[in-house]
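The following exercises concern charged side-chain pairs and cysteines. Each task is followed by a solution in steps.

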Amino acid sequence: LSRTPVYTFRRGFAFQFFNVVLLSVAIAWFLDRYACSSTIDNHWSYTNFLGVFAACLCATTTIGLYWRNVYLRMYYFQQLEEAQLLNGVLMERARQAEMNPSGKLPATDSAPEQSTDKVLLEGTTKERLEIAVRDFLYAESEGNYVSVCHRQQGTVKRTLLRTSIKRVASAVSPYAEIIQCHRAFLVNLRQVDRVEGRSSGIGLQMKYCNDTIPVSKSYVNEVKERIKHPVDTSG
């Protein structure tokens, strides 16, 4: 179940269509050879072949849609189970943080303390944004601009910079808690409130703003692993 349903369906469509053609040829040949009489005309013809082909295509499509729905349900339930597991990790981490007023996690927890460093994000013009890494929530690509969602003096703000998501990713690369989860999104995993299970993968609901960030299939495994086992770059 590591592949998404859309990927599996597209990959198998050409293969199944080729199988239907071969099956139709075989059945048409069988009818011509063994099921043809003076009362039943099953001689090879384009009309008979197209009739067999239509019947095989209808049957194959019905069976294929049934198993695709079965696969979708299995994949969706798998994502729900993994989301519950990840939410358990996040809840335990939040509980430990509440029990430690200093903000430091106990030595038994493998999660590193959130960075207090600041990151400078610059646009291609004169605009710039300097924020603490812990105040960075997520960044979203919007054409020639990047919208940065962050905290400032207790409120959530969105700052628009004329730059690319690639340049922002390069600026935050020293901080392991901020990773790319989609071709258009960067997210601070230390500011994820909960994980949502979806039929297409998972979504990350952020703290403070309650926005849900999509995680594409090419990043989903890395995001799950980072939530379970954060990388400590404090050293």
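A salt bridge is a side-chain nitrogen of Lys or Arg within 4 Å of a carboxyl oxygen of Asp or Glu. The model is predicted, and the structure holds seven salt bridges.

**Exercise 1.** Determine which parts the salt bridge between Lys224 and Glu82 ties together.

*Solution.* Step 1: the salt bridge between the side chains of Lys224 and Glu82 has an N to O distance of 2.3 Å. Step 2: Lys224 belongs to helix α4 (residues 220–228) and Glu82 to helix α2 (residues 46–99), so the pair links parts 142 residues apart in sequence. Step 3: Lys224 is buried, at 7% relative accessible area, whereas Glu82 is partly exposed, at 24%.

**Exercise 2.** Locate the partners of the salt bridge between Arg151 and Asp135.

*Solution.* Step 1: the side chains of Arg151 and Asp135 meet at 3.1 Å, N to O. Step 2: Arg151 is in strand β4 (residues 145–152), while Asp135 is in the loop between β2 (128–132) and β3 (136–142); the pair therefore joins parts 16 residues apart in sequence. Step 3: Asp135 has a relative accessibility of 18% and counts as buried.

**Exercise 3.** Explain why Cys149 forms no bond with the closest cysteine sulfur.

*Solution.* Step 1: a disulfide requires a pair of cysteine sulfur atoms within 2.5 Å. Step 2: the closest cysteine sulfur to that of Cys149 is in Cys209, at 4.2 Å, which is too far for a bond. Step 3: by this rule, the count of disulfides is zero. Step 4: as for accessibility, Cys149 is buried at 1%, whereas Cys36 is partly exposed at 25%.

Definitions and conventions:
Residues are numbered from 1 along each chain as its sequence is written. This is a predicted model: local features need pLDDT of at least 70, side-chain atom pairs count only at pLDDT 80 or more; totals for chains, interfaces and linings use all residues. Side-chain values use heavy atoms; hydrogens and water are left out. Buried means under 20% relative accessible area, exposed over 50%, partly exposed in between (1.4 Å probe, protein chains only). Helices (H or I, at least four residues) and strands (E, at least two) are DSSP runs, numbered from the N terminus.
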